[in-house]
Amino acid sequence: MTSSPSPTSRHTKKQLISGWGRTQFVSSNLVEVGRSNELDQITSIFSDSATRFAIPRGLGRSYGDAAQVAGGTVIVQPDDIDSSTIDENGVLKVSGGTSLDAIMKKYVPNGYFVPVTPGTRFVTIGGAIAADIHGKNHHISGSFVDHVNTMQLAAPSGNFNLSATENADIFWATAGGMGLTGVITMASLNMLPIETAYINMETRRAKDFDELLSVMAGSDADFRYSVAWIDCIAKGASMGRGVLTRGDHASLDQLGPKQKIDPLKYRPNSRLVAPPWFPPHILNSMSVRAFNEAWFLKAPQLRQDQIVPLTSYFHPLDGIQGWNRMYGRNGFLQYQFLVPDGEEEALRKILEKISKAKVASFLAVLKRFGKANSGLLSFPAPGWTLALDIPVGASSLSDLLDELDKDVLEANGKLYLAKESRASCDTIKQMYPKLKEFSRIKEITDPNGIIVSDLSRRLCLT
Amino acid sequence: MFDAMHTPDNVLIVGGSSEIGVEIAKALAKRGSTKFVLAGRSFETMQRAANEISSANPAGATSVSVIYFDVLAENAVSELITSTTAELSTIDMTIFAIGTLGDQAQLETDLKAAQEILEANFSKLAPAIQGIANVMVTQGFGHIVVLSSVAGVRVRRSNYFYGSAKAGLDGFAMALNDAVIKEGVNVTVVRPGFVRTKMTAHLPAAPLSTTAAAVAKATLAATDKQRNSVYVPTAIGVVVNIYRLLPRFIARKVPF
């Protein structure tokens, strides 16, 4: 096949892509834009009549179909850490395609940590803004965009400078806007000064749901970081048992003598590769039960002042490259929802249903959120969020999750769009009442509706 | 679009009055598919089917439209594509559930009827499947289900017009899968044994016979896992593949 060369030559390849859950594979034109003329290339993609749809894609860590558009153009930006700068106040200026991984490698040794990190460091600045990601410090520090001062947005109707004072409506539509307002080319954000590349961690076991929630609600405020692993298979008296890991950046005087030699040495964990032949069906309810039992019992009742490297606290799974393939050819999904404060009984009810249904979930994480921001489609709000990884395959899964959707809705909760892969348009419309306002602002940046993702089509977001 | 469980939003059923096609549509509606287009010749039957499909969805959020399609008619394929794309923003899944059994004894003498059996089951159906596959390649995703038959695995004396047409269709669809899989499009070939439907009502039931509902269930189990082909019931696959390997002088004596 031949094709006529485009006005500015771009590196395009037709490719099958999917989200992290490997559930919805589609064919898209992947365009890797260059460093030197990024803005021109993005503009030419938007104005090219051959572009049916376009959506930016970062490192593909969204579980569902947020960073793909079947039959359209998927824009991939360069990881350009070398052009980043930081000033004496810790304000980082960085390009949209740069990963948190690259930022940490460069700036942790200089005494700066990213203000918010999710459970993986393989996300881009653009992706972090588009999903308005949260981390273990949400109850204290809020979500990612709470630390962003300015953004530059390349959109079909032009390029915009965004901040809380300039084009504020577009700023807050872009925060959590799943890339649908345009492509983030630059952002400036406030980095967190650190003395060491270590976390002073406390591990605490909670014997059941009530204890877990009361410990979190009672003393989360004493820790910058807090998250709980929760056993979603345990039933009866131990339903909702879990292990809390909380902590803060270790100060220099808390380090051991060896660690003190190079306190800011950043050691991203070694990258094992999950073998592609990893036998399917190993992750089933039996193996998960055994794992959960061992994990819970191995955790100490209470252990304080453990000094651990940043990576092992924040990004343990990043140590296994391609761990998502271990769920086999049907892939997996993550069900992450939020129920507001005061809806703890709804949370208990949902957890009971999950533990009864025996959906195999290794990675079940409970986190208490702090304040919400003004992002029209931002996920976090005061309350509890639970995230479960579930393999696709059981025929009962769809009905179970539909039922949980109803419970979440009834509790005035919502689902996280970055993880979403199966809800209905109507459900999402009820969970995100500001969708209408979002659509109105999207029309300013994208009047012809070129920016579309499979997620936005599936969930009727625009 | 598809969701993580591979449930499509929009579905086209070609052979809109086929019992198997309608059973698959009902099962999909129950799972959450929202828009259906039924394409076929009998508006009356399709309208009844449309009502059944709508009421299969507990939330009642299903819309079903009905369009005329006669695979033997001139321009049938382009009209099918035009009217379907007018109804559906994307054609996520298409079920080709067209099939005409014919009367073998009659076909051996009525050669015009014989030609039509080959056209309806294969030679005019294959271009229609290719046409929908082309739409799906452009949209970058999609899933095609082709109702084949065990009759096509080894063509038999007792129905060799129908059997050879299904053999052609089966081979076409399997190779089409190889052609489009890299474009994000899947093809699943379904090979039922004897299905008790109106098409076979006049025939005595064969061993290992099945129902339209069972075929629908097995079909979706196969599409969920994006399998290339499936026999319904599973046991009939073993039987016909043994039969396929029999030396001809023995196969000739097997009474079916």
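In this predicted model, Ala54(A) has Thr73(A) as its bridge partner in E4(A). The two strands concerned, E3(A) and strand E4 (residues 73–76) of chain A, pair in the parallel sense over 4 bridges. Along E3(A), Ala54(A) and Pro56(A) point one way, while Ile55(A) and Arg57(A) point the other way, and all of these residues, the charged Arg57(A) included, are buried.

The pairing of E3(A) with E4(A) belongs to a wider arrangement, an open sheet of 4 strands in chain A whose order is E1-E2-E4-E3 and whose pairing is mixed. Its edge strands are strand E1 (11–17) and strand E3 (54–57) of chain A, each of which pairs on one side only. Direction ignored, neighbouring strands of this sheet are turned by 35 degrees against each other on average. Helix H1 (residues 38–47) of chain A packs on the sheet, where it touches strand E2 (26–32), E3 and E4 of chain A, and the direction of H1 makes about 170 degrees with that of E4(A).

A second pairing in chain A is found further along, where strand E8 (residues 148–155) and strand E9 (residues 158–163) of chain A run in the antiparallel sense and share 6 bridges. A hairpin of 2 residues joins E8(A) to E9(A), and within this pair Gln152(A) stands opposite Asn161(A) of E9(A).

Chain A is divided into domain 1 (81–194) and domain 2, the latter made up of the segments 198–250 + 275–306 + 324–422. The centres of domain 1 and domain 2 of chain A, taken over C-alpha atoms, are separated by 26 Å. Where the domains meet, 20 residues of domain 1 of chain A are in contact with 21 residues of domain 2 of chain A. On the domain 1 side of this contact, helix H4 (138–141) and helix H5 (168–174) of chain A each supply at least two residues, and H4(A) gives the most, with 3 residues.

Chain A also meets chain B, with 23 residues of chain A in contact with 17 residues of chain B. The elements of chain A that give two or more residues to its side of this contact are E2, helix H11 (397–410) and helix H14 (454–458). The table sets out the residue classes on the two sides described here.

| Side | Nonpolar | Polar | Charged |
|---|---|---|---|
| Chain A, touching chain B | 7 residues | 11 residues | 5 residues |
| Domain 1 of chain A, touching domain 2 of chain A | 9 residues | 8 residues | 3 residues |

Turning to chain B itself, its secondary structure comes to 10 helices and 7 strands. The radius of gyration of chain B is 18 Å, close to the 18 Å that the globule rule gives for 256 residues, and chain B is therefore as compact as a globular protein of that length. Taken along the principal axes, the box filled by the C-alpha atoms of chain B is roughly 55 × 35 × 35 Å. Buried residues make up 48% of the 256 residues in chain B, and, of the contacts in this chain with a separation of 6 or more, 71% are between residues 24 or more positions apart.

Methods
Residues are numbered from 1 along each chain as its sequence is written. Chains are lettered from A and ligands numbered from 1 in the order in which they are written. This is a predicted model: local features need pLDDT of at least 70, side-chain atom pairs count only at pLDDT 80 or more; totals for chains, interfaces and linings use all residues. Two strands pair if DSSP finds at least two bridges between them. Axes are lines fitted to C-alpha atoms, for helices over the stretch in contact, and angles run from 0 to 180 degrees between N-to-C directions. Two residues are in contact if their C-beta atoms, placed from the backbone, lie within 7 Å. A residue is buried if 20 or more other C-beta atoms lie within 10 Å of its own, exposed if 12 or fewer, and partly exposed in between; C-beta atoms are placed from the backbone. The radius of gyration is taken over C-alpha atoms; the globule rule is 2.2 Å times the number of residues to the power 0.38. Domain bounds come from an automatic or database domain assignment.
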